[in-house]
Amino acid sequence: MTNKVTAVTPGKEGFSLKDRVAIVTGAGAGLGRSYAIALAARGAKVLVNDLGSALDGVGGDTSPADMVVAEILAHGGQAAANYTSVASADGGEEIVNHAISEFGGVDIVVNNAGNMRLSSFAKLDVRTISDVLDVHLGGAFYVTKPAYLVMMEQKRGRIIFTTSGLGVFGIYGADVYAAAKGGIGGLLTVLALEGERHGIRVNGVAPMARTRMSGDDLYSALPDEYVGAEHAAPVVEYFAADECAVNGEVWSVGAGSVSRLFSARTKGYFKHPGTQGQVTAEDLAAHLAEISDVTAFSQPANWLAEWDEVVQMFQSQ
Ligand SMILES: NC(=O)c1ccc[n+]([C@@H]2O[C@H](COP(=O)([O-])OP(=O)(O)OC[C@H]3O[C@@H](n4cnc5c(N)ncnc54)[C@H](O)[C@@H]3O)[C@@H](O)[C@H]2O)c1
């Protein structure tokens, strides 16, 4: 499995992350490794967190994080290893405190750590529910919470969550994984609204890259060199930069393609309950095309704005 190293040259031209402290979770391999290397290349001091577990989340090994740190240091970057699991509140605190004691603060958090267990819903082992949710969704809360408090204080920060096209569009056998990634989507939407007034930007990356997690077959339609994790890193670099101009967005990235994934509300069907009577189930069957028609849609800025659209329709008729 290939995973090319982008050049680790602190001071890479363009957006600079000099003097910024970044935490990248699950950075001992795959996508996290690429992100850690890319952020270090822009001058960030990087806490390389990785439990070193197997794909299913079991076990632990310090060598993946150590190897990434060695790689960054060998190229003149700054990095330190952390082996704590993201899957508990204490773990999250420990990771953030480590970044503060090692590098003096925290400016960027990349929540990337993840495990994977696939099974059809009928065969789902209930232990899998908590084991997967705890790492992806729990970990996103546990690491971000203590970092967010530091960022609020300093009135500056960048939080990056990892979602997945699987969480939006689905795939057979990934129900818990998709639920975790979908949950992260909700968390990032709300945190982006809350963080904005504190100078904190919150965005999500939905990567597509050949890693241990994807296995060899998923991306076999394209040559290895175009589906490596390094092709996803620029989105994380951009979201981490002061220059990042977006907030609350999720960008899908891989093999040269970058797209925004978004939630929207169709124009839909409206029947005025005052003048036309209450909507019935039969009305819905008769107006299916209007309800589902995605050619006209809106993107309310928050839930209150969604409700306001309904109020506007009501009042304008
Ligand atoms: N590869 C893809 O195409 C793809 C697609 C969508 C989303 N993702 C997401 O990207 C992230 C990275 O995945 P990857 O493909 O690089 O997988 P990977 O298995 O190569 O890397 C995941 C890393 O997370 C670490 N990890 C697992 N549990 C941990 C824990 N509790 N605490 C700390 N570290 C832990 C592992 O040790 C591993 O090094 C995951 O969140 C994954 O769900 C990947």
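Two strands pair if DSSP finds at least two bridges between them. The exercises below use this definition on a predicted model.

**Exercise 1. The sheet**

Task: State the order of the strands in the open sheet of eight strands, and say which are the edge strands.

Solution.
- Step 1. The order is β3-β2-β1-β4-β5-β6-β7-β8, and the pairing is mixed.
- Step 2. The edge strands pair on one side only; they are β3 (78-82) and β8 (257-261).
- Step 3. From one strand to the next, the twist averages 20 degrees.

**Exercise 2. Strand β4 and its partners**

Task: Find how many bridges join β4 to β1 and how many join β4 to β5, and name bridge partners in each pair.

Solution.
- Step 1. Strand β1 (residues 21-24) and strand β4 (residues 108-111) run parallel and are joined by three bridges.
- Step 2. Across this pair, Ala-22 stands opposite Ile-108, and Val-24 has Val-110 as its bridge partner.
- Step 3. On the β5 side, β4 is joined by four bridges, and these two strands also run parallel. The bridge partner of Val-109 in β5 is Ile-159.

Task: Are the faces of β4 covered or uncovered?

Solution.
- Step 1. In a regular strand the side chains alternate between the two faces of the sheet.
- Step 2. In β4, Ile-108 and Val-110 lie on one side, while Val-109 and Asn-111 lie on the other.
- Step 3. Each of these four residues is buried, so both faces of β4 are covered.

**Exercise 3. Helices on the sheet**

Task: Which strands does α1 touch, and which does α4 touch?

Solution.
- Step 1. Recall that β1 and β4 are joined by three bridges.
- Step 2. α1 packs on the sheet and touches β1, β2 (45-49), β3, β4 and β6. The direction of α1 makes about 170 degrees with that of β1.
- Step 3. α4 also packs on the sheet, where it touches β1, β4, β5 (157-162) and β6. The direction of α4 makes about 175 degrees with that of β4.
- Step 4. Together, β4, α4 and β5 form a β-α-β unit, and this unit is right-handed.

**Exercise 4. Strand β6 and the crossover to β7**

Task: Describe the burial of β6, its pairing with β5 and β7, and the hand of the crossover from β6 to β7.

Solution.
- Step 1. Eight of the eight residues of β6 are buried. Ile-200, Val-202, Gly-204 and Ala-206 point one way, and Arg-201, Asn-203, Val-205 and Pro-207 point the other way.
- Step 2. β6 pairs with β5 in the parallel sense over six bridges, and Phe-161 has Gly-204 as its bridge partner in β6.
- Step 3. β6 pairs with strand β7 (residues 250-254) in the parallel sense over four bridges. Here Gly-204 stands opposite Val-250.
- Step 4. The chain goes from β6 through α7 to β7, and this β-α-β crossover is left-handed.
- Step 5. The helix in this crossover, α7 (residues 233-240), has seven of its eight residues buried. Among them are Val-235, Tyr-238 and Phe-239.

**Exercise 5. Buried or exposed**

Task: Classify Asp-19, Lys-155 and Ala-87 as buried or exposed.

Solution.
- Step 1. The cut-offs are 20 or more other C-beta atoms within 10 Å for buried, and 12 or fewer for exposed.
- Step 2. Asp-19 lies in the segment before β1. Asp-19 counts as exposed because it has 12 C-beta neighbours inside 10 Å. Its phi is positive, about 70 degrees, although Asp-19 is not a glycine.
- Step 3. Lys-155 sits in the loop between α4 and β5. Lys-155 has 10 other C-beta atoms within 10 Å and is therefore exposed. Its phi is also positive, near 55 degrees.
- Step 4. Ala-87 is in the loop between β3 and α3 (89-103). Ala-87 has 24 C-beta neighbours inside 10 Å, so it counts as buried.
- Step 5. Beyond its neighbours within four places in sequence, Ala-87 is in contact with Asp-134, Val-135, Gly-138 and Gly-139. The C-alpha atoms of Ala-87 and His-136 are separated by 7.9 Å, although the two residues are 49 residues apart along the chain.

**Exercise 6. The shell around the ligand**

Task: Say which residues come nearest to the ligand, and how the residues of the shell divide by type.

Solution.
- Step 1. There are 34 residues around the ligand, and Gly-26, Gly-30, Gly-114, Thr-211 and Met-213 come nearest.
- Step 2. The shell divides into 14 nonpolar, 18 polar and two charged residues.
- Step 3. α1 (30-41), α4 (126-154) and β6 (200-207) each supply at least two residues of the shell. The largest share, three residues, comes from α1.

Terms used
Residues numbered from 1 in each chain as written. Predicted model: local features only at pLDDT ≥ 70, side-chain atom pairs only at ≥ 80, totals over all residues. Near = placed C-beta within 6 Å. Nonpolar A, V, L, I, M, F, W, Y, C, P; charged D, E, K, R; others polar. Axes fitted to C-alpha atoms, helices over the stretch in contact; angles between N-to-C directions. Contact = placed C-beta atoms within 7 Å. Right-handed = clockwise from strand over helix to strand, strands pointing away.
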